[in-house]
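Grab a coffee and open the viewer next to the sequence. Below is a short set of exercises, each with a solution worked through step by step.

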Amino acid sequence: MKSYKKIPKLIGNMEMREWILKNRVIIVLVFLVIVSTIMSPHFLTITNLFNILRQYSLYILMAIGMLFVLLTGGIDLSQGSIVGICGLTLAITQTSWGWGEQNGLGLLMSILLCVAVGMTFGAFNGLLIAYGNMLPFIVTLATSTVGRGICYLLSNSRPVRLMKTNNSSKLLMHIASKGDPVLGFPYGATVAIVFVLIFAWILKYTKYGRMTIATGSNSSAVRFAGIDVKKYTFYPYVLSGVFAALAGIILTGRTANATVDAGTGYEFDVIAGCIIGGASLNGGRGSVLYSAIGMLTLALITNILNLLSLGAAPQQIIKGIIILVAVFMSDSLKKKNATE
Amino acid sequence: MENRLEMKGITKSFGGVHALTSVNFSVRPGEIHALIGENGAGKSTLMRILSGACNSDCGEIVINGRPASIKSPMDSVKLGVAVIYQEYALATDLTVAENIFLDNITTGGKIVNWKRLERKAQELLAKLNFSDIDVNAKVSDFSMAYQQVVEICKGLSKDISILALDEPTALLSNKEVDKLFELLITLKDRGVSIIYISHRLEEIFQISDRISVLKDGCFVGTVDTADTDKQSLVGMMVGRNLNDYYPKREVKIGDVIFEVNNLNSGKETKNVSFNIRSGEILGLYGLVGSGRTETALAIFGLRSISSGEIFLEGKKVEIKNPKEAFRHGIGYLSEDRKHTGLLLDMSIKHNITLSAIDKFTSGLFSSINLKEENNYALGEVEKLAIHTNNINNLTSSLSGGNQQKVAIAKVLAPKCKVIIMDEPTRGVDVGSKREIYHIMNMLLERGCAILMISSEMEEIIGMCDRVLVMHEGTINGELDKSEINETRLISLAMEVD
């Protein structure tokens, strides 16, 4: 350890390793941006960057919900199905139910219904896990399967298209796929950034955030401290359901289309993003901002592989390896820290 | 060959704390040798060294006249040693036969011959007069006693000559104990040497041939059971030098502020009644398994109470969970820092304020005033002498003593009037111990009342104004400050009187 003791002075009073450990996601992101810029001339362009944000803002929203679940030591595998159901709910209410013909009010009604659906799913997960003492993995796997089945029922296995002639559908499509008139910064990304900031604040500055982390850190000790552990285990699933609903709304708006299998497998990308951002599957560790950055990192990797015209198969393999490396890095760094 | 097993000069320390100091212990063939001593005397550590679960710092083990090198549990098995701990090491979802031959399931061959496995298991059980056990039934279907028989059979499947049992009767009913004793006699007659660890003197006099006593990790002596009695055994277990290690206090003891009447909760708490005055430390002594912690948990709302009343400052209170206990002003310092006491991977500051976070929150979103929280934590760190340079460091980075002080700070944060401290100085270095005693005195000066559960007699004698002694779920006696001495404590805890 002697060799590195001189270095810290270069970067203030923080120890080098601690600094790297804390900010490794940002370091990786910067590294990726540099490499990507060198490898492809199309990478560092406004169009490309805004495209990434437009595509991935919904993943970032899902990552906020997922992070809160991961913090308690749980997992939510039903997010993808909730995205699918809420997408269909939105498209069906806008078209078949005719809510799309009314202006903003129709859109608001559709959105509120979707959020209610996501909330219900999340509350169901949370009830079984927190109050029924069932395993998060099993419960959310089951609700995920049920949810996908509901998607088939709702849509008769046929995609539901939003109609451009409907005023409120048109409004949604505009918000989900366009950006502000001056810079063209995607509205979806703005929404994601606002939520990231709000929930980063909640995690750090409110009792709710603190107790969520504490519950994941050691639930027995929290119970002994006179705190309602079940409550703090329950709410993250509701949150996760609501964010999945928002993601479903944005996805449907951007593609103007709700399909039966929309959102399938999104939860795994989201979990990967959180883990790259330093969240622990054992609970008690993770940050909203870093999870969002982790998600962006995964997005950048996909993007540069696309720009380099790599096929889907090698992309999958590379993504998988990167996730393994991320987990390996955080574990080995943590262990080194613990033995010091 | 006179002795089957000889352990010579066994020394073991855990992080500076001496668990065993140069212990000599020997067992003859075909005898039942009881090993006794109060909590923490080193009995279990000695057995762990014998089984290879941990290694001694120095010392030598001789089995059948030959020096034995036991570095791992595998070594001890090869030498014919089986140690059965309080928690059985059974795979409860497997059958009796599978468990008995768990580490040699193919009974010598390459594939499992189920018929042979069953037959061999049946033979073993028949030898022990337990042929009524169905070898194809799941272990989880059997009572504790029968599970223990299976555990012993597991040892016997490997040709053992030394069998050690750690508190084998703690979970058994009287009838089951008789059954176990029959089995032990059968084994003894077959020439097996049995080491029998127990707190129950009755049983020891009933079954053992010789008795060895350990005290504070030192070997006191071995006596023939026929030549001794309970009083002289107690005499061997006591006798320490008390020094002025315990800080004096001059606190006026006030009125009764906490009272428990006929509390019942499961088997561990039977008709427990007591009261505590402000400014007083009431000790709760007893051997492991006597129901002290369980009683505290029942008061704190973590175990359901079947009957009984709790009064705080004359008013009856109902406590269904720790939240209500804290609201009434009753705090509990857990005996298990790691699992139920602290959030080791959170910061010192967050641990200190955990139980009282509401004091620092305000507004619609219960946002935390980080500055106030920080100041409070800094104040506590100074007051309780927690040695750290940064309250944002992880709690796991602290030493055991400082972790314990953080745990205490956490319990004190809600400003409780009655504080139950369960083993407040367990695993703590000498310096921190003294600091913790100072903290306790400071609390008494504030008018608090402390119920201190401790397994350390010295601590009980040094700190308590009164002591209750528990034995098998009931309070076996109460001693005033002037009456507290080691002999009285041990006698009450072991029910010698």
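**Exercise 1. A serine in a loop**

Does A:Ser309 count as buried or exposed, going by its C-beta neighbours inside 10 Å?

*Solution.* Before we start, keep in mind that this is a predicted model.

Step 1: find the spot. A:Ser309 sits in the loop that links α12 (288-307) and α13 (312-339) of chain A.

Step 2: count neighbours. A:Ser309 has 7 C-beta neighbours inside 10 Å, so A:Ser309 counts as exposed. The cut-off for that label is 12 or fewer.

Step 3: check the backbone. A:Ser309 has a positive phi of about 55°, even though A:Ser309 is not a glycine.

**Exercise 2. An alanine to set beside it**

Work out where B:Ala385 is found, and which exposure label B:Ala385 gets.

*Solution.* Step 1: look in chain B, in the loop between α13 (370-383) and α14 (400-412), and you'll find B:Ala385.

Step 2: the count inside 10 Å is 15 C-beta neighbours, so B:Ala385 is partly exposed.

Step 3: B:Ala385 isn't a glycine either, and its phi is positive, at about 55°.

**Exercise 3. A glycine in a helix**

What does A:Gly122 touch, leaving out residues up to four places away in sequence?

*Solution.* Step 1: place the residue. A:Gly122 belongs to helix α4 (residues 104-131) of chain A.

Step 2: judge burial. There are 30 C-beta neighbours inside 10 Å, which means that A:Gly122 counts as buried; the bar is 20 or more.

Step 3: list the contacts. A:Gly122 touches A:Tyr237, A:Val238, A:Leu239, A:Ser240, A:Gly241 and A:Val242.

Step 4: take one of these partners and check the distance. A:Val242 is 120 residues from A:Gly122 along the chain, yet their C-alpha atoms are separated by 7.4 Å.

**Exercise 4. A buried valine**

Why does B:Val96 count as buried, and which residues does B:Val96 touch?

*Solution.* Step 1: B:Val96 is part of helix α3 (residues 96-100) of chain B.

Step 2: B:Val96 counts as buried because 29 C-beta neighbours lie inside 10 Å.

Step 3: leaving out residues up to four places away in sequence, the contacts of B:Val96 are B:Ala121, B:Ile133, B:Asp134, B:Val135, B:Ala137, B:Val139 and B:Val150.

Step 4: for a distance along the chain, try B:Gln147. The C-alpha atoms of B:Val96 and B:Gln147 are 8.7 Å apart, with the two residues 51 apart along the chain.

**Exercise 5. Three strands of chain B**

Trace the pairing of β21(B): which strands does β21(B) pair with, and in which sense?

*Solution.* Step 1: start with β13 (residues 281-286) of chain B. Five bridges join β13 to β21 (residues 466-471), and the two strands run parallel. One pair to click on is B:Gly283 with its bridge partner B:Val467 in β21(B).

Step 2: move on to β22 (residues 474-480) of chain B. β21(B) and β22(B) are antiparallel and share six bridges. Here B:Leu468 stands opposite B:Glu478 in β22(B).

Step 3: look at the turn. β21(B) and β22(B) make a hairpin with two residues between them, and B:Glu472 in that turn has a positive phi of about 50°.

**Exercise 6. Domains and core**

How far apart are the C-alpha centres of domain 1 and domain 2 of chain B?

*Solution.* Step 1: the domain assignment gives domain 1 of chain B as 5-237 and domain 2 as 256-494. Their C-alpha centres lie 35 Å apart.

Step 2: look at the contact. Domain 1 of chain B puts in nine residues and domain 2 puts in 10. On the domain 1 side, that's four nonpolar, four polar and one charged.

Step 3: turn to the largest nonpolar core, which has 234 residues; A:Met62, A:Ala63 and B:Ile450 touch the most other members. Both domains of chain B give residues to this core, so the core lies between them.

Step 4: zoom in on B:Ile450. Its contacts, not counting residues up to four places away in sequence, are B:Ile281, B:Ile419, B:Met421, B:Met440, B:Leu443 and B:Leu444.

**Exercise 7. Where the chains meet**

How many residues of chain B are in contact with chain A, and which element gives the largest share?

*Solution.* Step 1: 24 residues of chain B contact 17 residues of chain A.

Step 2: on the chain B side, α10 (322-328), α11 (337-341) and β18 (367-368) each give two or more residues. The largest share, four residues, comes from α10(B).

Step 3: sort that side of chain B by type and you get 12 nonpolar, nine polar and three charged residues.

How values were computed:
Residues numbered from 1 in each chain as written. Chains lettered and ligands numbered in written order. Predicted model: local features only at pLDDT ≥ 70, side-chain atom pairs only at ≥ 80, totals over all residues. Domains from an automatic or database assignment. Contact = placed C-beta atoms within 7 Å. Nonpolar A, V, L, I, M, F, W, Y, C, P; charged D, E, K, R; others polar. Core = buried A, V, L, I, M, F, W, Y, C linked by C-beta atoms within 7 Å. Pairing = 2+ DSSP bridges.
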